[in-house]
Amino acid sequence: MEIRVIADDITKVKADAVIVNHFEGVDKLDGDISAVDKALGGAISQLVSQGEIKGKLNEVTIVHSLGKLPADRVVVAGLGKPADLTVNKIRGAVAETCRQLRQKGVATIATSPLGAGINNISPESSAQAIAEGALLGLYAFRKHITREENKFGEIKQLLIVGSARIKSALEGGSHKGRVIAEATNLARDMINEPANFMTPTDMAEMAKKLAEAHGLEVSILDKEQMVELGMGALLGVARGSQQPPKFIILNYRGSDSAELNIALVGKGITFDSGGISLKPAEKMEEMKGDKAGGAAVMAAMSAIAQLKPKINVTAIVPATENLPDGNAYKPGDILKAMSGKTIEVVSTDAEGRLILADALGYARKLGAKFIVDVATLTGACRVALGDICTGAFANNQDLANRVLSAGNEAGEYIWQMPMFDEYKEQNKSDVADIKNTGGRWGGAITAAKFLAEFAEDTPWVHLDIAGTSMTEKERTYTVKGATGVAVRTLINLALSLAQ
Ligand code: BES
Ligand code: MN
Ligand code: ZN
């Protein structure tokens, strides 16, 4: 989809549909909706006074212009009560509107800068939200579908129409929104891809492609190099798979200093069967999504490379399958992580924390000042927070606050969970330094406490996206399947750390 800003009057633009906004509880129209209403001879104000257009959030009303405007249709997008408006609501309303218009076969859309001027929302952030809402809401993963009849139409062009005075602000916002949304959709593509199309080797190839496209440094460590580095925890998990594990490193340099400001670590299990501690068959296909953290950090790097914050960022993705096999690691095995700590494997299904132990060790070895890891780590986090909120766990409150506010800006809900030291007790092993499960209760927290042992004294935040990485239903700008959660938070975090 092409997104372009034009300095024009919304009543003069030719398109299949023009979008204007309306607010709940407002009966006096003004701005673009009023201009369009006049051109239509008061049709919209009539619908408003009759109560058919209420302005409720995500309400979409399509009115045909019947030749009274160059555009074929006027679409009134409800944005709710003006006092409650946020950029996230604009994102959502645009997504809903665009999906409905696609259904109607609309190919070209023009929109006014929805919500701009309300609640301090600038034209720039409105344009960013419009670009994000449209690109994210129209996302579909149809790569493997060959049936012709299921192909729905495509929106080819989205024009953002404003006065010449705000044109460059609109352009800045829409460019940023496009970069961020495309990165999110890239993560969605990687996550939705099944395990036979996205192996650890395929993830490594993707990293090389991104590096090539956006000027990042890439290195891929193979098994021998992992052995040399002593990554016994990652290698233990990889033993059950015929696919060679890959340790992916993507490097962005935005600052002249040699210091590595932040390492973004992502869990890259391309399929999690549970290993010898085999998962039940029901819903096991969802476990192709166990690479969502890895996909998120890689995708975030592609946007960071384009937005160019003055900061150095490295993404680290330990990638492997977790499968049962004659050579697979077993419950009771003891593994030695890169840091030297020994781990008793109680469940081979608690594999995420094992591969992350070595990735955190590697990030520390690189001298990362901050570490944020993203992982579909525990069913317990999904039970606790559902698919609405990501769980955050931290050893440093300043970094946690930064991550929370980056999430807030992205409209990605993140809830910080407790990290009291008493939880450590559950991870105690009789035969090794630590064990890889802490029992049933507080499972998301004991998993985080396990990781904390490997983050050691580096300021670190762990995001458990087991609940939020996939969704079963369409909701505003997320569609069924992978959500691409955390990508936008990580991008905002890198931008904010650079300030
Ligand atoms: N990948 C799973 C967690 C998961 C569950 C992600 C549901 C997305 C949806 C993880 O590797 C896992 O299996 N965790 C176990 C840990 C347990 C054995 C301590 C779990 O949560 O059951
Ligand atoms: Mn598992
Ligand atoms: Zn897993």
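Me: Which residue offers a backbone N or O atom 3.4 Å from a nitrogen atom of ligand 1?
Reply: Happy to start there, keeping in mind that this is a predicted model. A polar contact calls for a pair of N or O atoms within 3.5 Å. A nitrogen atom of ligand 1 has such a partner at 3.4 Å, and the partner is a backbone atom of Leu377.

Me: And which side chain has an N or O atom 2.8 Å from an oxygen atom of ligand 1?
Reply: Ligand 1 is surrounded by 16 residues, the closest being Asp272, Lys279, Asp290, Asp349 and Gly379. The side chain of Asp272 places an N or O atom 2.9 Å from an oxygen atom of the ligand. The distance of 2.8 Å belongs to the side chain of Lys279.

Me: Which helix gives the largest share of the largest nonpolar core?
Reply: That core has 60 residues, and those with the most contacts inside it are Leu264, Met298, Met301, Val313, Val372 and Ile491. The largest share amounts to 12 residues, and these come from helix 9 (residues 292-307).

Me: What does Leu264 touch, leaving aside residues up to four places away in sequence?
Reply: Leu264 is among the residues with the most contacts inside the largest core. Its partners beyond four places in sequence are Val297, Met301, Ile304, Val313, Thr314, Ala315, Ile316, Val372 and Leu490.

Me: How many residues make up the second, separate core?
Reply: Good one to ask next. This core includes Tyr329, Leu335, Ala448 and Trp460. Its total is 49 residues.

Me: Is Asp202 buried or exposed, or in between?
Reply: Asp202 is found in helix 6 (residues 200-214). Buried would require under 20% relative accessible area and exposed over 50%. The value for Asp202 is 29%, so this residue counts as partly exposed.

Me: How far apart in space are Asp202 and Met298?
Reply: Along the sequence, 96 residues separate Asp202 and Met298. From C-alpha to C-alpha, their distance in space is 13 Å.

Me: Which strands stand at the edges of the sheet?
Reply: The open sheet has 6 strands in the order 1-6-5-2-4-3, with mixed pairing. An edge strand has a single partner, so one side of it is left without a neighbour in the sheet. That describes strand 1 (2-7) and strand 3 (60-64).

Me: Which residue of strand 5 stands opposite Ala17?
Reply: Strand 2 (residues 17-22) and strand 5 (residues 108-111) run parallel and are joined by 3 bridges. Ala17 stands opposite Ile109.

How values were computed
Residues numbered from 1 in each chain as written. Chains lettered and ligands numbered in written order. Predicted model: local features only at pLDDT ≥ 70, side-chain atom pairs only at ≥ 80, totals over all residues. Heavy atoms only, no water. Pairing = 2+ DSSP bridges. Helix = DSSP H or I, 4+ residues; strand = E, 2+ residues; numbered from the N terminus. Core = buried A, V, L, I, M, F, W, Y, C linked by side-chain atoms within 4.5 Å. Buried < 20%, exposed > 50% of the residue type's maximum accessible area, 1.4 Å probe, protein only. Contact = heavy atoms within 4.5 Å. Near = heavy atom within 4 Å. Polar contact = N/O pair within 3.5 Å; in protein donor to acceptor, adjacent residues only side chain to side chain.
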